[in-house]
Amino acid sequence: MAKKQASREEKTEKKPNFLERFFRYVEACRAELRKVTWPTWKETRKATLAVLAFVCIMAIILGLIDLGLSSLIRTILS
């Protein structure tokens with residue numbers, strides 16, 4: 001009998017409305033962001049330069065591959 005009453009009480013419990021859930025979510029996000037160890041300006045600059053260098057190198061490599069394949073196609077079609 002106790003199980004039936006408990007299950008009825010669980011069913012009648014209201015879920016929090018949208019705003020309550022949203023504010024709980026924002027609070028949880030703020031709590032997690034307080035735990036984050038943010039990089040220093042020097043670390044950020046080094047990582048940014050590494051990414052930019054990698055992007056430039058890949059752009060050159062892909063450009064050369066594109067140039068080679070397009071000249072190969074031109075040669076085959078002529």
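The following conversation goes through a predicted model and asks what lies behind some of the words used for it.

Colleague: Before we come to single residues, what is the mean pLDDT of the chain, and which elements have the lowest and the highest values?

Modeller: The mean pLDDT of the chain is 89, and 85% of its residues reach 70 or more. Among the elements, helix α1 (residues 2–12) has the lowest mean, 61, whereas helix α3 (residues 41–77) has the highest, 97. The chain has three helices and zero strands, so that the order from the N terminus on is α-α-α.

Colleague: How many aromatic pairs does a search of the whole structure find, and what makes the pair of F18 and F22 a stacked one?

Modeller: The search finds two aromatic pairs. For F18 and F22 the ring centres are 6.3 Å apart, which falls within the 6.5 Å required of a pair, and the planes meet at 20°, which is under the 30 degrees that stacking allows, so the pair is called stacked.

Colleague: Where do F18 and F22 lie with respect to each other in the chain, and which residues do ring pairs link into a cluster?

Modeller: Both F18 and F22 belong to helix α2 (residues 18–35), where they are four residues apart, about one turn of the helix. Ring pairs join F18, F22 and F23 into a cluster.

Colleague: Why is F18 called exposed, and why does F22 count as partly exposed?

Modeller: F18 has a relative accessible area of 58%, and because exposed means over 50%, the word applies to F18. F22 has 40% relative accessibility, which lies between the limits of 20% and 50%, and therefore F22 counts as partly exposed.

Colleague: What makes the approach of T48 to T44 a polar contact?

Modeller: The side chain of T48, a residue of helix α3, reaches the backbone oxygen of T44 at 2.8 Å, and because the limit for a polar contact is 3.5 Å, this distance is within it. T48 itself counts as partly exposed, at 41% relative accessibility.

Colleague: How many disulfides does the structure hold, and why do C29 and C56 count as partly exposed?

Modeller: The structure holds zero disulfides. C29 has 29% relative accessibility and C56 has 48%; because both values lie between 20% and 50%, each cysteine counts as partly exposed.

Colleague: And what share of the chain is buried, and how much area does the chain expose?

Modeller: Buried residues make up 0% of the 78 residues, and the chain exposes about 8,000 Å², of which carbon and sulfur atoms supply 68%.

Note on methods
Residues are numbered from 1 along each chain as its sequence is written. This is a predicted model: local features need pLDDT of at least 70, side-chain atom pairs count only at pLDDT 80 or more; totals for chains, interfaces and linings use all residues. Side-chain values use heavy atoms; hydrogens and water are left out. pLDDT is the predictor's confidence in each residue, from 0 to 100. Helices (H or I, at least four residues) and strands (E, at least two) are DSSP runs, numbered from the N terminus. Buried means under 20% relative accessible area, exposed over 50%, partly exposed in between (1.4 Å probe, protein chains only). Accessible areas come from the Shrake-Rupley method with a 1.4 Å probe; for residues, only the protein chains shown count as cover. Rings of Phe, Tyr and Trp (its six-membered ring) pair if their centres lie within 6.5 Å; planes under 30 degrees apart count as stacked, over 60 as edge-to-face and the rest as tilted. A polar contact is a pair of N or O atoms within 3.5 Å; within protein, one must be able to donate a hydrogen and the other to accept it, and residues adjacent in sequence count only if both atoms are side-chain atoms. A disulfide is a pair of cysteine sulfur atoms within 2.5 Å.
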